[in-house]
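Here is a friendly walk through one protein model, meant to be read with the viewer open. Pick out each residue as it comes up and the picture should build as you go.

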Amino acid sequence: MYTQAMDTTAAGEAPKARRSAEEMQLQERFDARIDAGDFIEAKDWMPEHYRKTLVRQISQHAHSEIVGMLPEGNWISRAPTLKRKAILLAKVQDEGGHGLYLYAAAETLGTSRDQLFDALHTGRAKYSSIFNYPTLSWADMGTIGWLVDGAAIMNQVPICRCSYAPYARAMIRICREESFHQRQGFEALLTMMTKGTAAQKAMVQDAVNRWWWPSIMMFGPPDDESPNSAQSMRWGIKRVSNDELRQRFIDATVDQAKLLGVTLPDPDLKWNEARQSHDFGVIDWSEFKRVIAGDGPCNRERLAARVKAWNDGAWVRDAATAHANKQTMKEAA
Ligand SMILES: [Fe+2]
Ligand SMILES: [Fe+2]
């Protein structure tokens, strides 16, 4: 799903102080290509800082996809109908696929998948903070689709034009699938709100109350507190700022909430005629920082689940490696 706060961990490595004439020429050519809106391919020369920024962002994105399978996977066995179960299964499976495309894109930059997983499992790598919140009711499945996948689409559509081509290509397919995720979530909520009992409607409102603020935090810290954003914009990795994306998401979501008949839990949310946008209340960034730092409601549980899955799968990796070695030896013979 979900890039968020991909530039919050500030890796700001300083560019090398001394460069050879050849390197400077390569840098100039690279800058000119970026300025011209060209795409950079894996085999092309790129500055080390650009490469590292991309590895960090793409791998955090990949981790977010596969950690994002956990809160919803929790509800597959409890879906209310066969149709809802099939939809949820397909969605969770899509997220696994998104993780795989993105790990593959990160690998084109010269970092192995083992290294990427190791960073996740040892807690060095971040993933989207939204997945550290618990899924308490069936209405959370619809709400995640509507708000979390909705925020993910808003965030990810501009990445389809990211200057690094393998990432941009992966994002095109991912965005198409995210669109299905958002629609199925909205439709599940609309069904509950139009055909459901009073208790089911209350369940939807409760889920929206819990997911609204974490969803708008998904766009990352305000622009003036997002130190890596300017460089990422300069490189064409990021195309639209955090605050601009957040505003677009809020403006799009208010009408959808009206259609559903739910209230968004922000008393300060109102239309501003002069700005032609919605004003909204103050975001509790201390909560965001706490969750990113590892102290959200489910951080430990999520990481433990990923580490367990990795350890449980060791025999599969060993068997696949043994088989591959055997094939290589056969072919050599
Ligand atoms: Fe999704
Ligand atoms: Fe996804």
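Beyond its neighbours within four places in sequence, Val 262 is in contact with Trp 146, Met 193, Val 204, Gln 205, Val 208 and Ala 257. This is a predicted model, so please read every contact and distance here as computed from it. Val 262 sits in the loop between helix H10 (242-260) and S1. With a relative accessibility of 8%, Val 262 counts as buried, because the cut-off for that class is under 20%. One of its partners, Val 208, is 54 residues away in sequence, yet the two C-alpha atoms are 7.8 Å apart in space.

## The nonpolar core

Trp 146, one of the contacts of Val 262, leads on to the core. The largest nonpolar core has 77 residues, and those with the most contacts inside it are Tyr 50, Leu 54, Ile 58, Trp 146, Tyr 164 and Tyr 167. Helix H7 gives the most to this core, with ten residues. In soluble globular proteins, nonpolar side chains tend to be buried together.

Which residues does Ile 58 touch, leaving aside its neighbours within four places in sequence? They are Leu 102, Ala 105, Ala 106, Leu 109, Tyr 164 and Tyr 167. Tyr 164 and Tyr 167 are themselves among the residues with the most contacts inside the core.

## The iron site

Now for the metal. The iron ion (ligand 1) is coordinated by Glu 95 (OE), Asp 149 (OD), Glu 178 (OE) and His 181 (ND1), at distances of 1.9 to 2.2 Å. Along the sequence, these donor residues follow the spacing E-x53-D-x28-E-x2-H. The four donor atoms make angles of 88 to 155° among themselves, and the site is irregular. Why is it not tetrahedral? The angles reach 155°, whereas a tetrahedral site needs all of them between 85 and 135 degrees, so this site is classed as irregular.

Glu 95 also bridges the iron ion (ligand 1) and the iron ion (ligand 2), which lie 3.4 Å apart. Distant parts of the chain are linked here: Asp 149 belongs to helix H6 (residues 139-156) and Glu 178 to helix H7 (residues 165-195), 29 residues apart. Asp 149 is buried, at 0% relative accessibility, and Glu 178 is buried too, with a relative accessible area of 0%.

## Gly 96 and helix H4

Gly 96 lies in helix H4 (residues 82-107). Its relative accessible area is 13%, so Gly 96 falls under the 20% limit and is buried. Leaving aside neighbours within four places in sequence, Gly 96 is in contact with Ile 66 and Met 69. Val 67 is 29 residues from Gly 96 in sequence, with 9.0 Å between their C-alpha atoms.

## A cavity lined by three helices

How many cavities of 30 Å³ or more does the structure hold? There are two, and the second largest has a volume of about 50 Å³. Its lining is made up of Arg 84, Ile 87, Leu 88, Trp 138, Met 141, Gly 142, Gln 184, Gly 185 and Ala 188. H4, H6 and H7 each supply at least two of the lining residues.

## Helix H5

In helix H5 (residues 113-121), the buried residues are Leu 116, Phe 117, Ala 119, Leu 120 and His 121. Their cover includes helix H2 (48-67), H4 and helix H12 (299-312). After H5 comes Gly 123, with a positive phi near 80°.

## The S1 and S2 strands

Lys 270 is placed in strand S1. Setting aside neighbours within four places in sequence, Lys 270 is in contact with Ser 277, His 278 and Asp 279. Lys 270 and Asp 94 are 176 residues apart in sequence and 35 Å apart in space, C-alpha to C-alpha.

Gln 276 is found in the loop between strand S1 (270-272) and strand S2 (277-279). Although Gln 276 is not a glycine, its phi is positive, at about 55°. Most residues other than glycine have a negative phi.

To finish, here are some of the residues above with their accessibility.

| Residue | Relative accessible area | Class |
|---|---|---|
| Val 262 | 8% | buried |
| Gly 96 | 13% | buried |
| Gln 276 | 45% | partly exposed |
| Lys 270 | 51% | exposed |

Technical notes
Residues are numbered from 1 along each chain as its sequence is written. Chains are lettered from A and ligands numbered from 1 in the order in which they are written. This is a predicted model: local features need pLDDT of at least 70, side-chain atom pairs count only at pLDDT 80 or more; totals for chains, interfaces and linings use all residues. Side-chain values use heavy atoms; hydrogens and water are left out. Donors are N, O and S atoms within 2.8 Å of the metal (3.2 Å for Na, K and Ca); water is not among the atoms, so sites may look incomplete. Four donors count as tetrahedral if all angles lie between 85 and 135 degrees; four count as square planar and six as octahedral if opposite donors are over 155 degrees apart and all others between 65 and 115; anything else is irregular. Helices (H or I, at least four residues) and strands (E, at least two) are DSSP runs, numbered from the N terminus. Buried means under 20% relative accessible area, exposed over 50%, partly exposed in between (1.4 Å probe, protein chains only). A nonpolar core is a set of buried Ala, Val, Leu, Ile, Met, Phe, Trp, Tyr and Cys residues joined through side-chain atoms within 4.5 Å. Contact means heavy atoms within 4.5 Å. On a 1 Å grid over the protein atoms alone, a cavity is a set of points where a 1.4 Å probe fits but cannot get out, and a pocket is an open set with protein on both sides within 12 Å along at least five of seven lines; lining residues have an atom within 4 Å of a point. Grid points are joined across faces, edges and corners, and a volume is the space filled by probe spheres set on the points.
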